[in-house]
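Here's a friendly walk through a few spots worth finding in this structure. Keep the 3D view open as you read.

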Amino acid sequence: MKCEIYLTSRIALPDSHTLAVYRANGGYRALEKVLKGGYTPAQVIQLVKDSGLRGRGGAGFSTGLKWSFMPDPAKDPRPRYLAVNADESEPGTCKDRVLMEKDPHGLVEGVLLACFAMRVKTAYIYVRGEYRLPHDRVAAAIVEARKAGLVGEQILGTDFSCEIHMHKGAGAYICGEETGLMESLEGKRGHPRPKPPFPAGFGLWGQPTTVNNVETLQNVPFIVERGPDWFKTMGSPKSPGNVLVGISGHVERPGVYEVPLGISARTLLEEYAGGIWKGRKLKAWIPGGSSTGLLPASTLD
């Protein structure tokens with residue numbers, strides 16, 4: 001199975017969180033390609049649809065299809081918003097933290113491309129309250145990008161304008177759920193909303209809203225620059241691309257690993273995490289968040 005490292009390709013570089021290093025390694029080329037290359041919002045959405053990118057927040061829904069649910073501004077002129085779910089509060093998860101700390105401009109560029117595609121002028125990045133350094137790194141990246149004409153009015157001298165705002169959570173686990181997140185952003189108690197209505201029609205402050213995960217958006221600049229066909233060379237036919245997997249617990253090498261979708265759990269444990277520590281045998285494992293429960297060792301595949 002092919003695994004070309006791209007999501008984490010910059011994180012080991014010195015000062016990888018800075019604009020200078022990001023640009024020296026291909027950063028913002030995708031945004032410039034779209035804004036100065038005559039792309040339409042519909043074409044960017046189609047690129048993401050064709051890539052097969054699915055949401056990396058857990059639901060695995062088609063990202064391009066989700067973006068297409070945003071109403072046509074000619075028929076629905078209401079303000080629209082992008083909310084970035086960086087509330088990563090599931091026990092044992094820290095893959096978005098790595099991206100925000102080490103490659104925050106990748107998130108900023110992904111946000112800008114998503115906003116262009118959906119004709120959004122305002123984005124909010126909702127960060128887990130305990131993530132102080134990730135929050136500060138992304139906030140500093142937005143400041144750098146604004147000074148460089150990459151955030152704000154008439155980005156790169158074009159008609160596209162977009163503001164990005166940061167918002168700290170307060171430690172509420174439920175705000176990782178998209179409607180609970182929106183309630184919190186509005187200054188209310190974080191509590192899930194009944195569906196329907198869905199966020200694309202009635203989201204933040206009753207306006208059309210799309211909620212995307214950090215890792216999902218971090219994929220977008222690579223797809224725009226390298227193309228959907230390149231993206232589909234990795235992963236599985238139904239779920240292309242790479243995914244960041246956090247492995248914790250009693251293993252030899254705990255950490256966050258970039259792997260192609262479709263990889264087996266046994267490969268993750270034995271080849272990436274180095275197996276069970278101290279030569280012991282696996283008794284049980286948790287494949288996802290705390291709500292998935294324990295699985296016996298016999299189910300590892």
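## A pocket and its lining

By class, the lining of the second largest pocket has 6 nonpolar, 2 polar and 3 charged residues. Keep in mind that you're looking at a predicted model. The volume of this second largest pocket comes out at about 180 Å³.

Which residues line the second largest pocket? From the earlier part of the chain come Val-34, Leu-35 and Tyr-39. Phe-116, Arg-119, Val-120 and Lys-121 are also in the lining, and so are Thr-158, Asp-159, Phe-160 and Ser-161. A few of these names will turn up again below.

## Helix 2 against helix 6

Now look for helix 2, residues 29-36, and helix 6, residues 104-118. They pack at an angle of about 20 degrees, and their axes are 9 Å apart. Angles under 35 degrees count as roughly parallel, so helix 2 and helix 6 are roughly parallel to each other. Helix 2 passes helix 6 in a left-handed crossing.

Who touches whom here? On the helix 2 side you'll find Arg-29, Ala-30, Leu-31, Val-34 and Leu-35. They meet Glu-109, Leu-112, Leu-113 and Phe-116 of helix 6. Sorted by class, the residues of this contact are 7 nonpolar and 2 charged, with no polar ones. Val-34 and Leu-35 in helix 2, and Phe-116 in helix 6, take part in this contact and also line the second largest pocket.

## Helix 3 against helix 6

Helix 6 has another partner to check out: helix 3, residues 41-51. At what angle do the axes of helix 3 and helix 6 cross? It's roughly 120 degrees, and the axes come within 7 Å. That makes helix 3 oblique to helix 6. This crossing is left-handed too.

Helix 3 brings Pro-41, Val-44 and Ile-45 to the contact, while helix 6 brings Leu-113, Phe-116 and Ala-117. This contact has 6 nonpolar residues, with no polar and no charged ones. Leu-113 and Phe-116 are also in the contact of helix 6 with helix 2.

## Some backbone oddities

Most residues other than glycine have a negative phi, and most peptide bonds are trans. Arg-119 goes its own way: it isn't a glycine, yet its phi is positive, about 60 degrees. Look for Arg-119 in the loop between helix 6 and strand 2, which covers 122-127. Arg-119 is also one of the residues lining the second largest pocket.

For the peptide bonds, head to the loop between helix 8 (178-185) and strand 4 (209-213), where Pro-196 sits. Lys-195 and Pro-196 are joined by a cis peptide bond, with omega at about -5 degrees. Pro-196 and Pro-197 are joined by a cis bond as well, with omega at about 5 degrees. Pro-197 is in the loop between helix 8 and strand 4.

Definitions and conventions
Residues are numbered from 1 along each chain as its sequence is written. This is a predicted model: local features need pLDDT of at least 70, side-chain atom pairs count only at pLDDT 80 or more; totals for chains, interfaces and linings use all residues. Side-chain values use heavy atoms; hydrogens and water are left out. On a 1 Å grid over the protein atoms alone, a cavity is a set of points where a 1.4 Å probe fits but cannot get out, and a pocket is an open set with protein on both sides within 12 Å along at least five of seven lines; lining residues have an atom within 4 Å of a point. Grid points are joined across faces, edges and corners, and a volume is the space filled by probe spheres set on the points. Ala, Val, Leu, Ile, Met, Phe, Trp, Tyr, Cys and Pro count as nonpolar, Asp, Glu, Lys and Arg as charged, and the others, Gly among them, as polar. Axes are lines fitted to C-alpha atoms, for helices over the stretch in contact, and angles run from 0 to 180 degrees between N-to-C directions. Helices (H or I, at least four residues) and strands (E, at least two) are DSSP runs, numbered from the N terminus. Angles under 35 degrees count as roughly parallel, over 145 as roughly antiparallel, 65 to 115 as roughly perpendicular and the rest as oblique. A crossing is left-handed if the near helix is turned anticlockwise from the far one by less than a right angle, and right-handed if clockwise. Contact means heavy atoms within 4.5 Å.
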